[in-house]
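Biologist: I am new to reading protein models and would love some company. Could you take a close look at one part with me, the charged pairs, and then walk outward from there?

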Amino acid sequence: MIKGVGIDIAELKRIRSHIDDTAFVRRVLTPEERDCFYSLDDKRKAEFLAGRFSAKEAYAKARGTGIGQEVSFQDLSVLNDPSGRPYASAPLFRREKIHLSITHTDQMVATVCVIEGLSGPSAY
């Protein structure tokens, strides 16, 4: 059963200005995501950071809360499987399957998130 759908769009220029801001990077990215981030060149760092920022915003919107008291940037890790497909891990919300799509242009990143509730007691 679909529990929520969220969408977000972010300007790469805005995020690009934060790739050297350690506090911002630590606030948005989980330790696992930071390992990936620091292995990239600056162009890919901006895309990666913007994609994770946007994916987490879309996830929080799909939950109906936004980023804040109920969901933080640290509650969700967005990584890539071996084929490059993004996937999300949200240990606090194990009773859901998270579907993500992230796309980039030279100027923007957009993300769609669908949360599918799994059978059994709801995480909501």
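What follows is a tour that starts at the salt bridges and moves on to the surface and the cysteines.

Modeller: Happy to! Please keep in mind that this is a predicted model. Searching the whole structure turns up five salt bridges, and we can visit some of them in turn.

Let's begin with D8 and K61, whose side chains meet in a salt bridge with 2.8 Å from N to O. D8 belongs to strand β1 and K61 to helix α4 (residues 42-63), so this pair ties together parts that are 53 residues apart in sequence. The two partners sit in different surroundings: D8 is buried, with a relative accessible area of 9%, while K61 is partly exposed, at 39%.

Now stay on helix α4 and look for K56. Its side chain meets that of E33 in a salt bridge, 2.7 Å from N to O. This pair, too, links distant parts of the chain, with K56 in helix α4 and E33 in helix α3 (residues 31-37), 23 residues apart. Here both partners are hidden: K56 counts as buried at 1% relative accessibility, and E33 counts as buried at 0%.

K56 also leads us to another element. The C-alpha atoms of T111 and K56 are 8.9 Å apart in space, although the two residues are 55 apart in sequence. You will find T111 in strand β5 (residues 108-117). T111 is buried as well, with a relative accessible area of 1%.

Back on helix α4, there is a pair of another kind. E47 forms a salt bridge with K43, and their closest N and O atoms are 2.8 Å apart. Both residues lie in helix α4, four residues apart, which is about one turn of the helix. E47 is buried, with a relative accessible area of 12%, whereas K43 counts as exposed at 53%. This pair has company: K43, R44 and E47 are linked in a network of salt bridges.

Next, the surface. D20, D21, D41 and D42 gather there in a patch of negative charge. One of them, D20, lies in the loop between α1 (12-16) and α2 (22-28), and D20 counts as exposed at 68% relative accessibility.

The surface has a nonpolar patch too, formed by I2, V5, I7 and V112, with about 380 Å² of accessible area together. Strand β1 (residues 2-11) gives the most to this patch, with three residues. I2 lies in that strand and is exposed, with a relative accessible area of 54%. We met strand β1 earlier as the home of D8, which is buried at 9%.

Our last stop is the cysteines. What is a disulfide? It is a covalent bond between the sulfur atoms of two cysteines. To count as one here, two cysteine sulfur atoms must be within 2.5 Å. How far is the sulfur of C36 from the closest cysteine sulfur? The distance is 19 Å, to the sulfur in C113, and that is too far for a bond. Starting from C113 gives the matching result, with the closest cysteine sulfur being that of C36, 19 Å away. The count therefore comes to zero disulfides, since the sulfur of C36 is too far from its closest candidate. The two cysteines also differ in cover: C36 counts as partly exposed at 32% relative accessibility, and C113 counts as buried at 0%.

Note on methods:
Residues numbered from 1 in each chain as written. Predicted model: local features only at pLDDT ≥ 70, side-chain atom pairs only at ≥ 80, totals over all residues. Heavy atoms only, no water. Buried < 20%, exposed > 50% of the residue type's maximum accessible area, 1.4 Å probe, protein only. Patch = residues over 30% accessible without salt bridge, like charges linked within 9 Å, V, L, I, M, F, W, Y side chains within 5 Å. Areas by Shrake-Rupley, 256 points an atom, 1.4 Å probe, with all protein chains shown as cover. Salt bridge = Lys/Arg side-chain N within 4 Å of Asp/Glu carboxyl O. Helix = DSSP H or I, 4+ residues; strand = E, 2+ residues; numbered from the N terminus. Lys, Arg positive; Asp, Glu negative; His and termini not counted. Charge placed at Lys NZ, Arg CZ, Asp CG, Glu CD.
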